[in-house]
Amino acid sequence: MTEVPPTSHDGPHAPRRPNISFEFFPPKTAEMEKNLWETINRLAPLAPNFVSVTYGAGGSTRERTHSTIARILRETALLPAAHLTCVGAARGEIDEIVDRYHEVGVRHIVALRGDPATGIGTAFVAHPDGYKTSPELVAGIKKRHPDIEISVAGYPEKHPEARDLDADIDTLKAKVDAGATRAITQVFFDNDLYFRYLDRVRGRGITIPVVPGIMPMHNFKQARNFVTRAGTSVPGWLAEKFEGLDDDGETRKLVAATVAAGQVQKLAKHGVDTFHFYTMNRADLVFAISHLLGIRPNGAKKAA
Ligand code: FAD
């Protein structure tokens with residue numbers, strides 16, 4: 001696992017600074033782009049190990065993902081990771097996308113099969129000439145560019161399509177065998193699910209880091225619908241915390257920060273030292289949670 005060394009302010013017994021990474025989605029409008037860049041500029045001084053940019057369902061954001069990644073490379077010192085899925089494109093097209101990323105200096109891809117073009121819950125039909133599974137995509141990228149680091153998805157509550165958790169972990173093993181060196185988990189709210197998953201993953205002989213994906217719930221109702229469809233369970237105690245707050249964004253924000261900060265602090269107490277934040281392109285909660293993890297801005301602006 002890549003680790004950030006302790007800073008000069010740390011005493012000999014100071015806890016190690018956790019590693020963090022941030023996930024963004026590519027903006028659709030000029031307004032959203034301005035907002036994303038305010039977010040990136042606010043979070044960059046926290047010196048994340050990398051920042052990733054998602055790839056819209058069905059490849060709908062192909063150009064926007066690319067231009068966001070290219071701008072991050074041009075204007076910041078951050079290391080970007082580009083998400084990429086197998087959906088809706090022939091192998092040749094995917095290979096071209098990968099080549100373009102490599103050309104501009106991207107050395108990290110989050111490789112996914114992607115959701116069915118017809119929507120979550122329907123059967124996945126691969127493009128007739130496309131990469132058919134995530135392990136195939138991982139192998140395809142590695143074959144073209146062995147110097148590209150590959151992260152993949154992991155599912156503590158199993159992917160909705162997987163027969164059971166063992167079958168899901170078999171797929172993770174296939175991704176690792178194909179060259180993936182990091183798994184980032186689907187969002188989860190019950191830490192026990194993560195630790196049980198980790199035990200099963202390690203029991204299967206998978207040794208790569210399995211980085212917990214943390215999502216502060218800015219908008220509980222909306223986020224609950226979204227994560228439930230992706231197979232994440234929302235515990236009753238969590239729903240209770242947001243009860244009665246539908247029209248009270250300010251309090252919701254405080255509650256969301258408290259809940260997510262509690263989750264990461266408990267994970268950290270049990271030895272987890274790496275966190276991936278689903279930022280939803282918003283800086284405030286993630287900045288506060290990182291602060292509570294002991295992370296302070298250290299200026300990651302690109303040298304002039
Ligand atoms: P895999 O891990 O390859 O498969 C998921 C599970 O389904 C496995 O257990 C596999 O065995 C099982 N499975 C697959 N096919 C079958 C089958 N035919 N029969 C039985 N079981 C089967 N989506 C996007 O569109 N863009 C993104 O940028 C994006 N980023 C993501 C980042 C992270 C960290 C995570 C966790 C998810 C992300 N997703 C993204 C969502 C992801 O694309 C979906 O969850 C997708 O449905 C599965 O992709 P995968 O690579 O995880 O699939």
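Visitor: Which residues are the closest of those that surround the ligand?

Guide: The model is a predicted one. In it, 21 residues surround the ligand. The closest of these are Tyr55, Ser134, Tyr155, Thr171 and Lys175.

Visitor: How far from an oxygen atom of the ligand does a polar side-chain atom of Tyr155 lie?

Guide: A polar contact requires a pair of N or O atoms within 3.5 Å. For Tyr155, the pair consists of a polar side-chain atom and an oxygen atom of the ligand, and the distance is 2.5 Å.

Visitor: Which distances apply to the polar side-chain atoms of His83 and His159?

Guide: Each histidine places a polar side-chain atom beside an oxygen atom of the ligand. For His83 the distance is 3.0 Å. For His159 it is 2.8 Å.

Visitor: What percentage of the area that the ligand exposes when taken alone does the protein bury?

Guide: The reference value is the area of the ligand taken alone, which is 970 Å². Of that area, the protein buries 79%.

Visitor: Which element gives the largest share of the shell around the ligand?

Guide: Two elements give two or more residues to this shell, namely strand S3 (80-85) and helix H5 (165-178). The largest share amounts to 3 residues, and it comes from H5.

Visitor: How many residues of the shell around the ligand are charged?

Guide: Sorted by class, the shell has 8 nonpolar and 8 polar residues. The charged residues in the shell number 5.

Visitor: Which strands are the edge strands of the open sheet?

Guide: The open sheet has 9 strands with parallel pairing, in the order S7-S6-S5-S4-S3-S2-S1-S9-S8. An edge strand pairs on one side only, and this applies to strand S7 (210-211) and strand S8 (213-214).

Visitor: Which residue in S3 stands opposite Val51?

Guide: Strand S2 (residues 50-53) pairs with S3 in the parallel sense, over 3 bridges. Opposite Val51, the residue in S3 is Pro80.

Visitor: Is Asp95 buried or exposed?

Guide: Asp95 belongs to helix H3 (residues 91-104). Residues count as buried under 20% relative accessible area. Because the relative accessible area of Asp95 is 14%, Asp95 is buried.

Visitor: With which side chain does the side chain of Asp95 make a polar contact?

Guide: Leaving aside residues up to four places away in sequence, Asp95 touches Tyr131 and Arg144. The polar contact of the Asp95 side chain has a distance of 2.6 Å, and its partner is the side chain of Tyr131.

Conventions
Residues are numbered from 1 along each chain as its sequence is written. This is a predicted model: local features need pLDDT of at least 70, side-chain atom pairs count only at pLDDT 80 or more; totals for chains, interfaces and linings use all residues. Side-chain values use heavy atoms; hydrogens and water are left out. Helices (H or I, at least four residues) and strands (E, at least two) are DSSP runs, numbered from the N terminus. Buried means under 20% relative accessible area, exposed over 50%, partly exposed in between (1.4 Å probe, protein chains only). A polar contact is a pair of N or O atoms within 3.5 Å; within protein, one must be able to donate a hydrogen and the other to accept it, and residues adjacent in sequence count only if both atoms are side-chain atoms. Contact means heavy atoms within 4.5 Å. A residue is near a molecule or strand if one of its heavy atoms lies within 4 Å of it. Accessible areas come from the Shrake-Rupley method with a 1.4 Å probe; for residues, only the protein chains shown count as cover. Ala, Val, Leu, Ile, Met, Phe, Trp, Tyr, Cys and Pro count as nonpolar, Asp, Glu, Lys and Arg as charged, and the others, Gly among them, as polar. Two strands pair if DSSP finds at least two bridges between them.
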